[in-house]
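Dear colleague,

Please find below the structure that I am handing over to you. My notes on it follow directly after.

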Amino acid sequence: MTATIRVAAAGDIHAGEPLRQRIERAFREIGQEVDLILLAGDLTTHGLPEQAEVLADACREIQVPIVAVLGNHDHHSGHSDEVKDTLESAGVIVLERSHVILEIGGVEVGIAGTKGFVGGFPGAEIADFGEPALRQVYGETTLEVEALERGLEEIAGCHKTIVLLHYAPLQDTLVGEPETIWAFLGSGRLAGPIGAHRPDLVVHGHAHHGTAHGSIGEVPVHNVAIQVTGQDFVVFEL
Ligand SMILES: [Fe+2]
Ligand SMILES: [Fe+2]
């Protein structure tokens with residue numbers, strides 16, 4: 001029987017200078033309470049390095065590991081590499097189609113992290129057909145799904161396993177968003193590796209008007225966008 005760890009998660013912080021004080025206070029407080037912090041993408045407002053700096057400043061003094069994935073907003077200005085570098089310089093582990101294994105109080109915690117991408121859900125999905133541009137979108141999601149599968153394989157032996165995404169892997173946590181845009185909020189193909197490997201926890205963001213809780217089989221999936229949870233962080237015990 002392994003010890004319980006406390007995990008805080010937040011998505012869609014959308015950092016920028018106007019939010020500096022709130023963000024710094026939230027991180028200071030949560031850093032005292034948990035063993036691990038997860039950030040589910042849309043870390044910045046428009047993907048500018050100075051916006052990432054605001055979040056980096058809040059993360060720099062935190063003693064517990066902080067693991068993040070980028071979101072679509074973090075790519076918007078074409079500076080996602082600088083956003084990533086800025087956060088990494090503050091000690092944040094930024095996962096891009098990758099994984100990390102952390103030792104937390106004697107517990108091996110594996111996190112497979114990737115941004116995810118669009119494509120829709122059974123019944124209303126983009127197919128790998130037609131114009132190259134559309135097939136390229138399909139192919140981009142394929143790379144995300146394959147990376148998630150690889151990451152889950154790598155962390156399979158850990159005491160606790162977590163999937164960290166920005167885009168949604170299922171529809172449950174999108175309820176509240178107009179159904180007409182669900183195809184842009186995630187891809188049901190991401191659920192394949194999750195259903196097969198059954199991690200202990202899956203978190204995502206991106207759907208600001210979605211629903212907090214869902215599941216893929218017995219795997220709990222949480223939309224941790226702060227606009228959904230109404231809190232700076234939600235805390236899970238694993
Ligand atoms: Fe967002
Ligand atoms: Fe987003």
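**The cavity**

The largest cavity encloses about 50 Å³ of space. The model is predicted, so local features need pLDDT of at least 70 and side-chain atom pairs count only at pLDDT 80 or more, while totals for chains, interfaces and linings use all residues. Residues are numbered from 1 along each chain as its sequence is written, chains are lettered from A and ligands numbered from 1 in the order in which they are written, and side-chain values use heavy atoms, with hydrogens and water left out.

The structure holds 1 cavity of 30 Å³ or more. A cavity here is a set of points, on a 1 Å grid over the protein atoms alone, where a 1.4 Å probe fits but cannot get out; lining residues have an atom within 4 Å of a point. Points are joined across faces, edges and corners, and the volume is the space filled by probe spheres set on them. Among the lining residues are Val118, Glu125, Tyr138 and Arg189. The lining divides into 4 nonpolar, 4 polar and 2 charged residues (nonpolar: Ala, Val, Leu, Ile, Met, Phe, Trp, Tyr, Cys and Pro; charged: Asp, Glu, Lys and Arg; polar: the others, Gly among them). Helix H5 (residues 132-154) gives the largest share of this lining, 3 residues; helices (H or I, at least four residues) and strands (E, at least two) are DSSP runs, numbered from the N terminus.

**The iron sites**

Donors are N, O and S atoms within 2.8 Å of the metal (3.2 Å for Na, K and Ca); water is not among the atoms, so sites may look incomplete. For the iron ion (ligand 1), the protein donors are Asp12 (OD), His14 (NE2), Asp42 (OD) and His208 (NE2), at 2.0 to 2.3 Å. The angles among these 4 donor atoms run from 88 to 167°, and the site is irregular. Four donors count as tetrahedral if all angles lie between 85 and 135 degrees; four count as square planar and six as octahedral if opposite donors are over 155 degrees apart and all others between 65 and 115; anything else is irregular.

Aspartate 42 bridges the iron ion (ligand 1) and the iron ion (ligand 2), which lie 3.5 Å apart. Aspartate 12 sits in the loop between strand E1 (6-10) and helix H1 (20-31), and aspartate 42 in the loop between strand E2 (36-40) and helix H2 (49-59), so the pair ties together parts 30 residues apart in sequence. Aspartate 12 and aspartate 42 are both buried (buried means under 20% relative accessible area, exposed over 50%, partly exposed in between; 1.4 Å probe, protein chains only).

The iron ion (ligand 2) has as protein donors Asp42 (OD), Asn72 (OD1), His166 (NE2) and His206 (ND1), at 2.1 to 2.3 Å. Its site is likewise irregular, with angles of 90 to 156° among the 4 donor atoms. Asparagine 72 counts as partly exposed at 26% relative accessibility, whereas histidine 206 is buried, with a relative accessible area of 12%.

**The strands**

An open sheet of 5 strands has the order E4-E3-E2-E1-E13, with mixed pairing; two strands pair if DSSP finds at least two bridges between them. Strand E4 (93-94) and strand E13 (234-237) are the edge strands, each pairing on one side only. E1 and E2 are parallel, over 4 bridges. Strands E5 (residues 98-104) and E6 (residues 107-113) run antiparallel and are joined by 7 bridges.

With kind regards

Notes:
On a 1 Å grid over the protein atoms alone, a cavity is a set of points where a 1.4 Å probe fits but cannot get out, and a pocket is an open set with protein on both sides within 12 Å along at least five of seven lines; lining residues have an atom within 4 Å of a point.
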